Amino acid sequence: MTAEHEAAERLTIREKLTAGSLSLTPAEAKIAQVLLSDYPLSGLGSQANLAKRAHVSDPTVLRFAAKLGFTGFAAFQASLLEEVEARLRSPLMMVEAKLNKGSEQSIVKSYLESVAELTASAAESAVSSTYERAVELIMEARHVGVLGGRFSRHVAGMLTGYLVQFRGGVSGLGALSAESFDLLIDFSRRDVLVVFDYRRYQANVVEFARQASERGVRVILFTDGWLSPIAEFADFTLTCPVEVDSPYDSLVGAVAQMEALVAQVVARESGAMGRMEDLERVRTRNRVSLTGREDPNPDA
């Protein structure tokens, strides 16, 4: 099996459907449209039901499944069900599978090597134009809100810390509460919301992003390969793998993508240097950081 074939095998059905290399007949394209309109639920019914919804014949559905690399509709549906299960998988569900792999090398070495593979995979799938357009939205917006889930909000906080160095009007939304939704009244179509949301997607994060989008806010989503529900209405979606040799998913890829976005900002926004210099003067005056030129404890 070639490396290209192995990579194709790892793609989700959604990724196969949206790949530019996939050639579909007009009838097959109707099936793809139905599947993507309500993914993955639209593919979990019967073969006849999918054909009826797409206004095509049953044999067309079989040819469509074969074109995606499946031996039949049952195999197609089994793969789709695996995606649904993986999307909802918790650390508790992954403990036995991850800890019984029987690796002969140390746990630490195995984990770090899997992280290296994860970041390499994220680099291979990066689309420069998506980052460029996302940066344009962020830097041209009136206001930028940054939001994340239980763990990913820490990555969101890092992005907030970077962005305030380059422009004003940036706010990290932190952990959402009932009162946080009141902030929606200040969001408009001139604003951007950057969201980090990874599997076992957080209900209030999804809902906040959905309501922001309904108000015309442009949404930039960082998520995993199974896609947060926010992907249905996000303007730009950046995905990265999260599975490593651990019962817990890794946010290393998310941090790398976030910092790649920051690198794109630095490359694009030469005018941001003036703001950064002004910020450094404020920090120096208030002794925010040790510079080696003053006594760090003058009262001792």
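Is Arg 281 buried or exposed? Arg 281 is exposed, with a relative accessible area of 53%. Keep in mind that this is a predicted model.

## Arg 281 and its partner

Arg 281 doesn't sit alone: its side chain meets that of Asp 278 in a salt bridge, 3.6 Å from N to O. Both residues belong to helix H13 (residues 272-285), and they are three residues apart, about one turn of the helix. Asp 278 is partly exposed, at a relative accessible area of 41%.

## More salt bridges

In total, the structure holds eleven salt bridges. Glu 207 and Arg 210 make one of them, at 3.9 Å from N to O. This pair lies in helix H11 (residues 203-214), with three residues, about one turn of the helix, between one partner and the other. Glu 207 is partly exposed at 32% relative accessibility, and Arg 210 is partly exposed too, at 27%.

Another pair links distant parts of the chain. Glu 28 and Lys 67 form a salt bridge whose closest N and O atoms are 2.8 Å apart. Glu 28 is in helix H3 (residues 26-37) and Lys 67 is in helix H5, 39 residues apart. Glu 28 is buried, with just 5% relative accessible area, while Lys 67 is partly exposed at 37%.

## Where H4 meets H5

Helix H5 (residues 58-67) also has helix H4 (residues 47-54) for company: their axes come within 8 Å and cross at roughly 100°. That makes the two helices roughly perpendicular. On the H4 side, Gln 47, Ala 48, Leu 50 and Ala 51 take part, meeting Asp 58, Val 61 and Leu 62 of H5. The residues of this contact split into five nonpolar, one polar and one charged.

Note on methods. Residues numbered from 1 in each chain as written. Predicted model: local features only at pLDDT ≥ 70, side-chain atom pairs only at ≥ 80, totals over all residues. Heavy atoms only, no water. Axes fitted to C-alpha atoms, helices over the stretch in contact; angles between N-to-C directions. Helix = DSSP H or I, 4+ residues; strand = E, 2+ residues; numbered from the N terminus. Parallel < 35°, antiparallel > 145°, perpendicular 65-115°, else oblique. Contact = heavy atoms within 4.5 Å. Nonpolar A, V, L, I, M, F, W, Y, C, P; charged D, E, K, R; others polar. Salt bridge = Lys/Arg side-chain N within 4 Å of Asp/Glu carboxyl O. Buried < 20%, exposed > 50% of the residue type's maximum accessible area, 1.4 Å probe, protein only.
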